[in-house]
Amino acid sequence: MKDATEPLVHVAGLRKAFGATLVLDDVSLSVRAGEAVALLGANGAGKTTLLRILATLARPTRGTASIAGFDCGREPECVRERIGLVAHGTLIYEDLTAEENLRFWRVLAGGQALAAHLREALAAVELEPYAGERVRSFSAGMKRRLSLARVVLARPQVLLLDEPFAGLDQRGKKWLEEYLHAFKAGGGAIVMVTHSFGRQLSVADRIAILGGGRIALDRPRSLVTPEELARLYALHTEEAP
Amino acid sequence: MRFARRAWILAWKDLTIEWRAKETLNSLFFFALLLIFLFQFALGPDRERLSAALPGLLWLGFILSGLLSLGRTFAGERDNDCWDGLRLAPGEKSAIYVGKLAGNLLLMLAVEAIFLLLFGVFFDLDLVAALPGLALVVGLGTLGLAAVGTLFAAMTAHVRARELLFPVLLLPVEVPVLLGTVKATEAVLLGEPLGTVAHWLKLLAVANVIYLTIGVLTFDVVLDG
Amino acid sequence: MWFSTGRRGLTGVLGWLAALGLLAGLGLALGVAPREVSQGNVQRIMYLHVPSILTAYLAFAIVLVASLGYLVSRRQAWDHWAGSAAELGTVFTGLTLASGSLWGKPTWGTWWTWDARLTSTAVMFVTYVAYLMLRGMIDEAERRAQFAAVLGIVAALNLPLVHFSVLWWRTLHQPPTLLRPVPAALAGIFRLTLGVNWAAFTLLFAYLLAKRIRVGRLSEEGLP
């Protein structure tokens, strides 16, 4: 039985190599319910790789990654039921309307796609007036908001985010911040890969820096001032091979 | 029931997008026309020679256009990381196989209907009498092509030189289907009763069962690879 | 695991046995076995041709089993067996086709004929060449193993369909054509020669397979 006090996201001794290139060496990380961890690191440090392993899109060479007690490598379908991924790709079919896109992903995930719920999700990201329009005519910001609506609709337990604020305007960023705070308050866990040190970091409870294939730093955000963060970041990412 | 809904939404998505963009269908209709010209030029004006070669030419046409449409099965998933989206959707991946297969089947049958029409017009054939038998043979053969083609399309979607590798992988496997359908079509066009080619039809049916079973059982391996 | 250093001794023994077998087989085929009445010395190619195709069948049976084994267990060792066996099987099939061609030209006046057995063998050859091409196009070991396993199963289960479809294609409206690589009833000495060569080929195949698997394993060691 899955223990309620277990962390929602648990990574231990994770190792990932692509052929002869070692990207992740010995990564360990835990995130509890109601907690958000910001994952920082230089380009190529392996942040996206780690996120993809958690999202069951890649398999580790060694070590374990699990979500809500389910192993990402051995029980991917159980993990997929509980996660929402917001990454670079928007997961949008340009020739379908906004509502049709949401309906497609919802039904494919085995859910009910009642028109009322779809409209609700669109309204949450302020896309309801465009529900019946083909996505091809949307701006980049609108497409990103639609992709967030898709995740909102899925009601995941864990959010895996890769630069989620990129491509959003001020209103969009504010909305996302509020949504993430509410998500945590509802008991969800968040792993957020980001490059920015700005106010989006306020969502995070902990800051982790990935360098040299491992978690070089894992500290509560309240204990790190912005200046210290910049210094620590420079320190640990210079250690990267 | 959930399986059926998921397969259905995938087929619906593919057909809706195809209907709105009309990229594949229009090009394939035109391709069919061009192939007819090609066959005529390659074989010359001798009507006897053309008549004898007709069943083979028909299936050559079906296979060539089938290669084009099957090869594009997952082209829509290349944008916006939708391929990852398919992998992330929880539930049996074989529903995606069945949905894609259904979409491919409908598309191929539409193109083949146009082919038959054009054949009838350009080579002055009366196909009406042979229609029921023809429908059965074409149905069995197209399913055989699509069942393996959909699986291999997923397999080659992210492999180097996929446009070349896909036909190279598919054609050797389709030899039994090609032989069976040409022989059966020959008989049907000559007005012979279907009983004379019952063994071929059984072969096609068995092949389809084998291909569909492998497809359903291994699609998640191919999608998640 | 399977081919640790302790096993290198076994591989060596296989090699020696294969060499001995081939020598014996060659001696029997060229020296001891009598000259065949109707075809002349060319008929001796049979002692190469038939063992080749039988060895190829063995190789492809291994590919099927190894493909299933990989999909069930996901252990990389199965994939090494599958890939190596497929390579060797393809080579032996090519040898079969080439030797058949060399046999056919002086005997029946043609390099190639679309008779049932030749055609099936050619389709089998082409199928596994395609399998090898797929393997060659994928760099990541795990993905290559998975896709090759699926293709390996499709290819193997397709072979009986190929066999019957080609057979019916050739024989139902025409009498079967002439190429019969193995005469219907073989006298004792012919059978002995064939048997020795077959055994030698099988030993050679086992030796080459062991070597090839070892090379495949070594090329993946030293990777993190």
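## Chains A, B and C: folds, contacts and helix pairs

Buried residues account for 46% of the 225 residues in chain B. Keep in mind that this is a predicted model.

Let's stay with chain B for a bit. Its secondary structure comes to nine helices and zero strands, so along the sequence the pattern reads α-α-α-α-α-α-α-α-α. With a radius of gyration of 18 Å, close to the 17 Å that the globule rule gives for 225 residues, chain B is as compact as a globular protein of that length. Lay its C-alpha atoms along the principal axes and they fill a box of roughly 55 × 35 × 30 Å. Of the contacts in chain B with a separation of 6 or more, 82% come from residues 24 or more positions apart.

Chain A has another make-up: seven helices and 10 strands. Its radius of gyration is 18 Å, close to the 18 Å from the globule rule for 241 residues, so chain A too is as compact as a globular protein of its length. Here are the two chains next to each other.

| Chain | Residues buried | C-alpha box along the principal axes |
|---|---|---|
| Chain A | 46% of 241 residues | roughly 50 × 40 × 35 Å |
| Chain B | 46% of 225 residues | roughly 55 × 35 × 30 Å |

For chain A, 67% of the contacts between residues at least 6 apart in sequence join residues at least 24 apart.

**Where the chains meet**

The contact between chains A and B takes 22 residues from chain B and 22 residues from chain A. On the chain B side, the elements giving two or more residues are helix H1 (2–21) and helix H4 (82–88). H1(B) gives the most, with 10 residues. Sorted by class, this side of chain B has eight nonpolar, five polar and nine charged residues.

Chain B also touches chain C, in a contact that takes 26 residues from chain C and 24 residues from chain B. Which elements of chain C give two or more residues to that side? They are helix H4 (116–137) and helix H5 (141–171) of chain C. H5(C) supplies the largest share, 17 residues. By class, the side of chain C that touches chain B has 21 nonpolar, four polar and one charged residues.

**Two helix pairs**

A pair of packed helices is described by the angle between the axes and the distance between them. In chain B, helix H6 (residues 131–156) and helix H7 (residues 162–173) pack at an angle of about 150°, with their axes 10 Å apart. The crossing of H6(B) past H7(B) is right-handed. From H6(B), the contact uses Val148(B), Gly149(B), Phe152(B), Ala153(B) and Thr156(B), while H7(B) brings Arg162(B), Leu165(B), Phe166(B), Leu169(B), Leu170(B) and Val173(B). By class that gives eight nonpolar, two polar and one charged residues.

Over in chain C, the axes of helix H3 (residues 76–108) and H4(C) come within 9 Å and cross at roughly 145°. This crossing is left-handed. On the H3(C) side, the residues in contact include Gly83(C), Gly89(C), Gly94(C) and Gly100(C), and among those they meet in H4(C) are Phe125(C), Tyr128(C) and Tyr131(C). The class count for this contact is 10 nonpolar, eight polar and two charged residues. H4(C) also turns up above, as one of the elements on the side of chain C that touches chain B.

**A long run in chain B, and some positive phi values**

Helix H5 (residues 94–122) of chain B has 29 residues. From its first C-alpha to its last it reaches 41 Å, close to the 42 Å expected at 1.5 Å a residue. After H5(B) comes Asp124(B), with a positive phi near 55°.

Lys22(B) has a positive phi as well, about 50°, although it is not a glycine. It sits in the loop between H1 and helix H2 (23–43) of chain B. Is Lys22(B) buried or exposed? Only 12 or fewer other C-beta atoms within 10 Å make a residue exposed, and Lys22(B) has 11, so it is exposed.

In chain A, Glu126(A) is a residue other than glycine with a positive phi, near 60°. Its place is the loop between helix H4 (115–124) and helix H5 (140–154) of chain A. With 14 other C-beta atoms within 10 Å, Glu126(A) counts as partly exposed.

Conventions: Residues numbered from 1 in each chain as written. Chains lettered and ligands numbered in written order. Predicted model: local features only at pLDDT ≥ 70, side-chain atom pairs only at ≥ 80, totals over all residues. Axes fitted to C-alpha atoms, helices over the stretch in contact; angles between N-to-C directions. Helix = DSSP H or I, 4+ residues; strand = E, 2+ residues; numbered from the N terminus. Left-handed = near helix turned anticlockwise from the far one by under 90°. Contact = placed C-beta atoms within 7 Å. Nonpolar A, V, L, I, M, F, W, Y, C, P; charged D, E, K, R; others polar. Expected span 1.5 Å × (residues − 1). Rg over C-alpha atoms; globule rule 2.2 N^0.38 Å. Buried ≥ 20, exposed ≤ 12 C-beta atoms within 10 Å, placed from the backbone.
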